[in-house]
Amino acid sequence: MPAAPASALATGSYSYSQGAVDIQVRNLTRTFGRVRANDTISLSFAAGQIHGVLGENGAGKSTLMKILAGFVRRDSGEVRLNGKPVSVRSPAHALRAGIGMVYQDPLDIPAFTVLENFFCAMPRSVGPSRAAARQRLIELAEQAGFVLNPDTPTAHLTVGQRQQLEIVRLLAWGVGALILDEPTTGITASQKDALFTASDAWQPGAGR
Ligand SMILES: Nc1ncnc2c1ncn2[C@@H]1O[C@H](COP(=O)(O)OP(=O)(O)OP(=O)(O)O)[C@@H](O)[C@H]1O
Ligand SMILES: [Mg+2]
């Protein structure tokens with residue numbers, strides 16, 4: 001399916017991106033009360049590359065990423081995806097535009113199993129059944145080199161496994177840009193290796 005056209009983003013109609021997403025940010029500003037978390041930030045993330053954003057605590061990294069992922073609204077400035085200005089209104093909207101984010105605190109549901117968490121946020125392209133979801137989950141986890149048992153309660157997972165579940169959920173949507181906020185905090189050395197190997201091998205848009 002072709003990249004979501006700007007008109008689809010504007011109307012919120014259902015459309016999926018395919019392939020890597022080039023992100024440009026111009027003069028982005030967001031304040032929380034008196035705190036200017038992002039102050040006229042301009043930068044570009046070229047498609048198909050791994051970028052790191054560094055800064056001290058409170059520098060505004062998470063705020064910037066949450067704006068790109070539709071979790072926080074910007075006050076002013078512009079975001080362009082593949083050259084087209086977009087107003088990312090929500091995480092679902094960002095996902096349809098091809099941007100997925102793994103938050104510092106994963107957004108899974110602890111009372112659900114791995115499969116149930118995958119199932120409840122699954123794109124329709126995977127199919128309607130639990131069996132299809134299980135198969136897709138196993139495939140995607142294997143491709144990424146992640147160790148995820150579909151039947152494990154999410155509450156029993158390590159931080160690293162919860163992160164892997166979030167990544168696999170986003171890969172199922174075929175995201176073209178994957179944002180990881182502090183991805184190496186609290187995970188084991190082998191999970192870091194798995195994350196870096198998967199990141200190097202990842203082909204944007206190929207998860208679907
Ligand atoms: N929802 C919010 N409400 C109020 N203030 C906020 C909110 N989110 C962020 N801030 C403030 O904005 C500033 C930037 O925070 P942000 O979390 O973006 O920084 P960060 O670079 O990700 O920091 P860290 O390295 O600690 O994760 C901080 O002063 C923070 O307290
Ligand atoms: Mg942060």
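Which residue in β6 is the bridge partner of Gly100? In this predicted model, the partner is Leu178, and the pair belongs to a set of four bridges that join β5 (residues 99–102) to β6 (residues 177–180), two strands that run parallel. The side chains of a regular strand alternate between the two faces of the sheet. In β5, Ile99 and Met101 point one way, whereas Gly100 and Val102 point the other way, and all of these residues are buried.

An open sheet of four strands, with antiparallel pairing, follows the order β2-β1-β3-β4. Its edge strands are β2 and β4 (84–86), each of which pairs on one side only, and neighbouring strands of the sheet are turned by 30° against each other on average, when direction is ignored. Within this arrangement, β1 (residues 23–32) and β3 (residues 76–81) run antiparallel and are joined by five bridges, with Thr29 standing opposite Ser76 in β3. Helix α2 packs on the sheet, where it touches β1, β2 and β3, and its direction makes about 120° with that of β1.

The surroundings of ligand 1 comprise Phe32, Val35, Ala37, Gly55, Asn57, Gly58, Ala59, Gly60, Lys61, Ser62 and Thr63. Two or more residues of this shell are given by each of β2 (35–45) and α2 (61–68), and α2 gives the most, with three residues. By residue class, the shell around ligand 1 divides into four nonpolar residues, six polar residues and one charged residue. Helix α2, which packs on the sheet, is thus also a contributor to the shell around ligand 1.

Technical notes:
Residues numbered from 1 in each chain as written. Chains lettered and ligands numbered in written order. Predicted model: local features only at pLDDT ≥ 70, side-chain atom pairs only at ≥ 80, totals over all residues. Near = placed C-beta within 6 Å. Nonpolar A, V, L, I, M, F, W, Y, C, P; charged D, E, K, R; others polar. Buried ≥ 20, exposed ≤ 12 C-beta atoms within 10 Å, placed from the backbone. Pairing = 2+ DSSP bridges. Axes fitted to C-alpha atoms, helices over the stretch in contact; angles between N-to-C directions. Contact = placed C-beta atoms within 7 Å.
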